[in-house]
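I am opening a fresh notebook page for this one. Here is the model I had on screen while writing.

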Amino acid sequence: MSDTVQWFQYKRGIVGESQRVVHCARAAGDERLVSWCRREFDPTAVEPTAEPGATPAPGEATPHGPCIPCLLLVTSATETNDSVAAPPARDGLPHGVR
Ligand SMILES: [Zn+2]
């Protein structure tokens, strides 16, 4: 699922340290980056990070604290459907579900 969700934070020096929370966005490739908490970011002002709490991979920055709205949205999306890229399915068929 980390293929479809990108975690990022402002680069050092762009905003105050307390503002450098980790947001997430669907990897879209647009020139504007819109986070799940519906804020717009300049892609040149942010750096990719690991998922909050995860160990950063090479090339990823160490994540600061997570943006709570983003974190909640991702958590609810991943709890209702393994695929974050798709909206939660509501087909009402309970088979296979616990
Ligand atoms: Zn956010």
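My entries below cover the sheet, the salt bridges and the metal site.

**Entry 1: the model**

A note to myself before anything else: this is a predicted model.

**Entry 2: the sheet**

I began with the strands and asked in what order they sit in the sheet. I found three strands in an open sheet, ordered β2-β1-β5, with antiparallel pairing. The edges are β2 (23-26) and β5 (46-48), and each of these pairs on one side only. I also looked up the twist: neighbouring strands of this sheet are turned by 40° against each other on average, direction ignored.

Then I went into one pairing. Strand β1 (residues 5-10) runs antiparallel to β2, and four bridges join the two. Which residue of β2 is the bridge partner of Trp7? I traced it to Cys24.

**Entry 3: the salt bridges**

Next I wanted to know how many salt bridges a search of the whole structure finds. The count is two. In one of them, the side chain of Glu17 meets that of Arg20 at 3.0 Å, N to O. In the other, Arg20 pairs with Glu47, and here the closest N and O atoms are 3.0 Å apart. What does this pair tie together? Glu47 lies in strand β5 and Arg20 in the loop between β1 and β2, so the pair connects parts that are 27 residues apart in sequence.

I wrote the three residues down together, as Glu17, Arg20 and Glu47 are linked in a network of salt bridges. I then checked whether Arg20 is buried or exposed. Arg20 has a relative accessible area of 3%, so I list it as buried; the cut-off for that word is under 20%. Glu17, at 43%, is partly exposed.

**Entry 4: the zinc ion**

Last, I turned to the metal and asked which protein atoms are the donors of the zinc ion. I noted His23 (ND1), Cys37 (SG), Cys67 (SG) and Cys70 (SG), lying 2.0 to 2.3 Å from the ion. Along the chain, these donors follow the spacing H-x13-C-x29-C-x2-C. Two of them, Cys37 and Cys70, link distant parts of the chain. Cys37 is in the loop between β3 (33-34) and β4 (40-41), while Cys70 is in helix α1 (residues 68-80), and 33 residues separate them. I looked up their exposure too, and both Cys37 and Cys70 are buried.

What is the geometry of the site? The angles among the four donor atoms are 102 to 123°, and I recorded the site as tetrahedral. For reference, the ideal angle for four tetrahedral donors is 109.5 degrees.

Definitions and conventions:
Residues numbered from 1 in each chain as written. Predicted model: local features only at pLDDT ≥ 70, side-chain atom pairs only at ≥ 80, totals over all residues. Heavy atoms only, no water. Pairing = 2+ DSSP bridges. Axes fitted to C-alpha atoms, helices over the stretch in contact; angles between N-to-C directions. Salt bridge = Lys/Arg side-chain N within 4 Å of Asp/Glu carboxyl O. Buried < 20%, exposed > 50% of the residue type's maximum accessible area, 1.4 Å probe, protein only. Donors = N, O, S within 2.8 Å, 3.2 Å for Na, K, Ca; no water. Tetrahedral: all angles 85-135°; square planar, octahedral: opposite > 155°, others 65-115°.
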